[in-house]
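User: I have a structure open and want to go through a few parts of it. Can you take my questions as they come?

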Amino acid sequence: MLEAGASPSEATITSLARVTASDASNPAAADEAFELVATMKDKYGVVPRLRSYSPVLAAFRRAGEAGKAYAVDAHMEASTVSPEEPEIAALLDVSMKAGDAGKVYEYMHKLRRTVDCVSEGTAEVLEGWFRSGKAAMLGKAEWDACQVKDAIVANGGGCHRLGWLGTGPWMVQRVRAGADGQCGGCGCRLACVDIDMEETRRFADSVAGLAFQRETKTNFSQFQEWLEEHGEYEAIVDGANIALYQQNFAEGGFSLTQLDAVVTELRDRYNGKWPLVVLHNKRIAKLMENSSNRHLIETWRANGALYTSPIGSNDDWYWLYAAIRLNCLLVSNDEMRDHIFELLGSSFFPKWKQRHQVKYTFSKGKAVLMMPPPYSSEIQESKMGSWHVPMEEKSGDERVRIWLCIDRTEHCKQPHEAPAANGVAQDMSPRVATNVSEQRRAEDNGGSITGKRKDRD
């Protein structure tokens, strides 16, 4: 191709790299393949893709060349190419064979951020590491329990990222989790994992930025200011979604009764505390024409339970921003798939919805709220240093999903405690969870706790 003056494409170079890397008779094959990939942009103006790197990583994995595999990973990062499970599994495997515990820990967390559940092949790699003598020799006998708890809160409830905790051999089991999230192996409760605090702030800022582009800036700024003054809510209510639920029949319309039933159920759940109902101004104006509605709406207003989005606005921006900014629940059956939500383009969004969205139905006039699941099917690192890794389950049935339970002991200190999210009981809302965690940190500031793992409760 070069002799003919034809510039090779990325696919051509990737194919040549794959063939080169597979040449077992050539000790330098993997290096030559990496050279092809690493120079394709400078030489030919084409950008490498994930498939360009995969055969090179596989070759260095077979050769046990950990340092060179890390160089491939660094080049991928510099090229803004994100590895997927096979590439991370290769990096994990080569790190394990090299006995590089720091890199194993780093790639465990990269795997956690990249996939929810692991394949059989990756599970076998992890089992091999945790059953090794090298893994048994690593870890801390003592740690600051408060620091670990605070790190778990900051990271959204699923990990602390402070290194290997505990000492001694690991016990690795394949188990199932109960409906309440209790591990069938160690007895610990799995967490319902949220996006971390920094991600939450960035997510709220991105929603506000998009709203400013599409809404009248003054209107949305006023809402932000109002929210700062009235921001003590456990739940935000998508008023139109609830009031129009199953109203597509001849006598159907905008059902304030349904909306009131949801508000009542939320108040019962949160000890009389009012949620925030977001409704468009034109809806409120219409409802106020009916005297039977007026008293209820005025009651909501008097208790700070109603915000009316102005004429010309889209109330979706308002209830979405409020739920993210206040880190609380959102009551809505909206699947959030239309153009507004497509604009977000955020990897945070699916995880945020899983943790924060409350769907509903009605039974004999009473609202039935479907709260977020009690635990998340994703890789988790506990405050005691144990790991729980869910494996792929093609049926989608969580009851039969297999988990790797990886612990240093045969018991869990509090096997019957409530499932935790952000370090607190799961029956609390995300906002209550954050408040309790902050209060606990303030109490703990009087003195840090350190000691051996057996002293932790």
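User: Which residue follows α10, and what is its phi?
Analyst: This is a predicted model. In it, Gly156 follows α10, and its phi is positive, near 95°.

User: And at the other end, what does the side chain of Asp144 reach at the start of α10?
Analyst: One of its side-chain oxygens comes to within 3.0 Å of the backbone nitrogen of Cys146.

User: Which residues of α10 are buried?
Analyst: Helix α10 covers residues 145-154, and its buried residues are Ala145, Cys146, Val148, Ala151, Ile152 and Val153.

User: Switching to β11. How many of its residues are buried?
Analyst: In β11, residues 403-407, 5 of 5 are buried.

User: Which residues sit on which side?
Analyst: Trp403, Cys405 and Asp407 are on one side, with Leu404 and Ile406 on the other. Both faces are covered. In a regular strand, side chains alternate between the two faces of the sheet.

User: What does β11 pair with, and which residues stand opposite Ile406?
Analyst: Strand β2 (residues 171-175) runs antiparallel to β11, joined by 5 bridges, and Val172 stands opposite Ile406. Strand β10 (residues 387-390) is also antiparallel to β11, with 4 bridges, and there Trp387 stands opposite Ile406.

User: Last one, Gly128. Where is it found?
Analyst: Gly128 is in helix α8, residues 120-130.

User: Why does Gly128 count as partly exposed?
Analyst: Because its relative accessibility is 45%, and partly exposed lies between the 20% and 50% cut-offs.

User: How far is Gly128 from Lys97?
Analyst: Their C-alpha atoms are separated by 9.7 Å, and the two are 31 residues apart along the chain.

Key
Residues are numbered from 1 along each chain as its sequence is written. This is a predicted model: local features need pLDDT of at least 70, side-chain atom pairs count only at pLDDT 80 or more; totals for chains, interfaces and linings use all residues. Side-chain values use heavy atoms; hydrogens and water are left out. Buried means under 20% relative accessible area, exposed over 50%, partly exposed in between (1.4 Å probe, protein chains only). Helices (H or I, at least four residues) and strands (E, at least two) are DSSP runs, numbered from the N terminus. A polar contact is a pair of N or O atoms within 3.5 Å; within protein, one must be able to donate a hydrogen and the other to accept it, and residues adjacent in sequence count only if both atoms are side-chain atoms. Two strands pair if DSSP finds at least two bridges between them.
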